[in-house]
Amino acid sequence: MDTKAKKTQISSRRRFFTDLAYATGLGIMGGLLWTGYTEKAKSSPLTLRPPAALAEPDFLKTCIKCGLCAEACVNRPSNIDRDTGRPRPGTLKMAKAQDDVTIGTPFFKPREVPCYMCDDIPCVTACPTGALDVAKVTNPKTGELDYTMMEMGLAVVDSNSCIAFWGLQCDACYRACPLMDKAIRLEYDKNERTGKHAFLKPVVDMNHCTGCGLCEKACVTEKPAIFVLPREIALGKPGAHYVKGWDKKDQQRVQERVGKDVTTHDVRSAKKPEDYLNKGVEY
Amino acid sequence: MKWSNIKYLVLRRIVQLGLLFLYFMGNAYGWKILTGDLSASMLFQKVPLADPFAVLQIFATGAIVGVNVLIGAAVIALFYGIIGGRAFCSWVCPVNMVTDLAAWLRRKLLIDRIERKVWISRNVRYYMIVLALIVSAVTGLAAFEVLSPITILNRGVIFGFGAGIGLLLAIFLFDLFAVKNGWCGHVCPLGGVHALIGSYNLFRVKHNSENCTLCMKCKTVCPEVEVLGMIGKRSEFVAGRECTNCGRCVDVCDDDALGFQLRNFLETNTGGKQ
C-alpha cells in the first residue's frame with residue numbers, strides 16, 4: 001500500500017525531468033550503437049568502385065544506392081551474348097550484407113567480370129546523384145567522354161607468382177590490356193639462368209592503367225598474379241620535399257612552394273641534432 | 001468472401017507486387033518503364049524519382065547531390081503531399097507485406113490476446129529521423145540507408161538476395177511476438193517521414209458515425225489504431241498523419257461507415273484535431 005502511494009505521487013515537474021532523462025539516455029544509447037554500426041559499415045578499403053567514382057569518403061556520402069549504374073552496365077547493348085541473345089553478367093554488382101563492401105553500393109570484382117570500358121560509359125551517365133562524376137571522364141579539350149581517363153584502380157604484378165618472371169612465355173595480361181603498350185608493356189631482359197632465353201616481363205604504367213581488370217581476368221595462374229587494387233592502396237606517396245631535379249614540372253612545383261614552411265616539425269626536431277645524437281639509442 | 005471486403009487489400013498487393021515486378025524487369029530484362037530502386041529511380045527514362053528521406057540523409061553528410069535526385073525527391077514529396085498522404089507505407093513499401101503477414105498471424109494465433117509486455121512509443125519513428133540525420137552527419141554515410149529493411153528487401157528482389165534478408169526475418173518476429181505493428185507503426189523513420197509529408201493530403205478515409213454499429217472490426221485491423229479515435233463518436237475525416245491510407249478499415253466495414261473521400265479543407269469539419 002505504501003509503495004503504491006509513492007508510485008503515484010510523482011510531481012509533473014519530476015515526471016518531466018525523468019522523461020527527459022529517459023529519452024536522452026535511450027537516444028544516446030541508440031545513437032552510439034547506430035554510429036558504431038555505420039562506421040563499421042563504411043570501412044571497405046579494398047573495394048573497386050565504378051568508373052569516375054568520387055574519392056571513397058565522398059562517394060559513400062553521395063551514393064544513394066539506387067543501382068541505376070549496375071542496371072545500365074548489365075543492360076548495355078554491347079553486353080548481349082551473341083549465342084544466347086541474353087545479357088551476360090554485368091560488371092557492377094550491388095553490395096549485399098556479406099560482401100565486405102558498404103551495403104547497397106556498387107562495386108566490381110575483375111576476376112569475375114572486369115570492366116570493358118565502354119565508349120559511352122553508360123554507368124556514369126546513369127548516376128542521378130553525381131557519386132559517379134561525368135566530369136572525371138570528360139576530356140576537357142574536346143568535351144567528349146574519354147574512357148582512358150577512368151581511374152578505378154591500378155594493376156599490380158606479383159613477380160613471385162607471375163610465370164613470365166620465371167622465364168616462361170606468357171603475355172596474357174599484356175594482350176588482354178585495352179591500352180596495350182601504354183598501361184601494360186613488356187620489358188625484355190636476359191635470362192641468365194639459361195643464357196640464351198629472354199624474360200618478357202609485364203610492367204604496369206600507373207599513368208595509363210585504368211584498373212579495368214581485364215588483365216586480372218586473363219591471368220593464367222591459379223590465383224591471379226596481376227590484380228587490381230584501389231589506387232589509394234596501391235600507390236605510395238613520396239612527400240612534397242622529394243624533388244625530381246631532372247623534371248621541369250617538378251622544379252616548377254618547388255618554385256611555387258617558396259614562402260611555405262618546408263621544415264619538419266616533430267618532437268625530435270625541437271632539439272638540436274647533437275642532443276639526440278648523443279643520447280644513444282632507445283628501444 | 002465478398003469483393004468489397006478485400007478490395008483495397010487486393011489493389012494494394014497488386015500495386016506493391018507490380019512495382020517490384022517492374023523494378024525487377026528493369027534490371028533483369030532491361031525494361032525501361034521503371035529502373036533503379038525505391039531509393040532513386042527513373043520512370044520511362046524521363047521522370048526522376050527519389051526517396052526524400054535518403055536525400056535528406058545525404059544532405060546531412062554534407063554531400064552535394066546532382067539535380068536529378070533533387071527533382072526526384074521533389075516529385076515524390078509533392079505526389080504524397082498532395083494526393084497519397086502516407087500511402088507509400090501501405091501501397092508501395094515491400095516491408096508492408098512482411099509486417100502485414102505478422103499482424104495477420106498475431107490475430108490468427110491469438111497472440112494479441114496475451115498481455116503485452118513490450119511497450120514502445122509510436123513517436124519513436126520521429127526520434128529515429130532525428131537520430132538518423134545526426135548519425136549521418138557524424139559518420140559521413142546515410143545512416144538509415146545502410147540498415148533499412150525496405151531497401152534491403154527491395155534490392156534483394158531486383159539484384160538478388162543477400163545475408164541482409166535476415167533483418168526482414170527479425171522484423172517479422174519482432175512484429176509477431178514483441179510489439180503489434182512494431183516496425184511500421186512505431187519504429188520505421190521512413191514511415192515517420194512519409195507521415196510528415198502526407199499530413200495535409202487530399203485523399204482520406206471519412207467516417208460516418210450514423211452508420212457505425214460499433215463492431216470495432218476497423219480497430220482490429222488498423223495498423224495505426226490511434227488515428228481511429230472518432231469511430232462511433234464523430235462523423236469526420238481520419239485526419240491523423242500516421243494513417244497510411246491502406247483502406248483496410250474501409251474493406252472490413254460492413255455498415256458503410258467508412259470510405260475514401262476528397263478532403264475539403266474549406267469546410268470547418270475536416271476532421272482536424274480539435
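This report walks through a predicted model, looking at how its chains meet, how one chain is divided, and two residues with an unusual backbone angle.

## Where chain A meets chain B

Let's begin with the contact between the two chains. Chain A brings 34 residues to this contact, and chain B brings 41 residues. On the side of chain A that touches chain B, three helices each supply at least two residues: α2 (12-42), α3 (56-62) and α4 (68-74) of chain A. If you want one helix to look at, pick α2(A), since α2(A) gives the most to this side, with ten residues.

What kinds of residues make up the side of chain A that touches chain B? By class, this side has 14 nonpolar, 13 polar and seven charged residues.

## Two domains in chain B

Now turn to chain B by itself. Its domain assignment gives domain 1, covering 3-196, and domain 2, covering 203-262. How far apart do the C-alpha centres of these two domains of chain B lie? The answer is 24 Å.

The two domains of chain B also touch: 20 residues of domain 1 are in contact with 16 residues of domain 2. On the domain 1 side, the elements of chain B that give two or more residues are α1 (7-28), α3 (67-84), α4 (87-92), α9 (182-187) and α10 (189-197). Of these, α1(B) gives the most, with four residues. Sorted by class, the side of domain 1 of chain B that touches domain 2 has ten nonpolar, six polar and four charged residues.

## Two residues with positive phi

Here are two single residues to find in the structure. The first one to find is D181(A), where phi is near 75°, a positive value in a residue other than glycine. You can locate D181(A) in the loop between α6 (172-176) and β4 (184-191) of chain A. Is D181(A) buried or exposed? D181(A) counts as exposed because it has 11 C-beta neighbours inside 10 Å, and the cut-off for exposed is 12 or fewer.

Next, look in chain B for L214(B). Phi of L214(B) is near 60°, again a positive value in a residue that is not glycine. The loop that holds L214(B) runs between β4 (203-207) and α11 (217-221) of chain B. Why does L214(B) count as exposed? The reason is that 11 other C-beta atoms lie within 10 Å of L214(B), and a residue with 12 or fewer is called exposed.

Notes. Residues numbered from 1 in each chain as written. Chains lettered and ligands numbered in written order. Predicted model: local features only at pLDDT ≥ 70, side-chain atom pairs only at ≥ 80, totals over all residues. Domains from an automatic or database assignment. Contact = placed C-beta atoms within 7 Å. Nonpolar A, V, L, I, M, F, W, Y, C, P; charged D, E, K, R; others polar. Buried ≥ 20, exposed ≤ 12 C-beta atoms within 10 Å, placed from the backbone.
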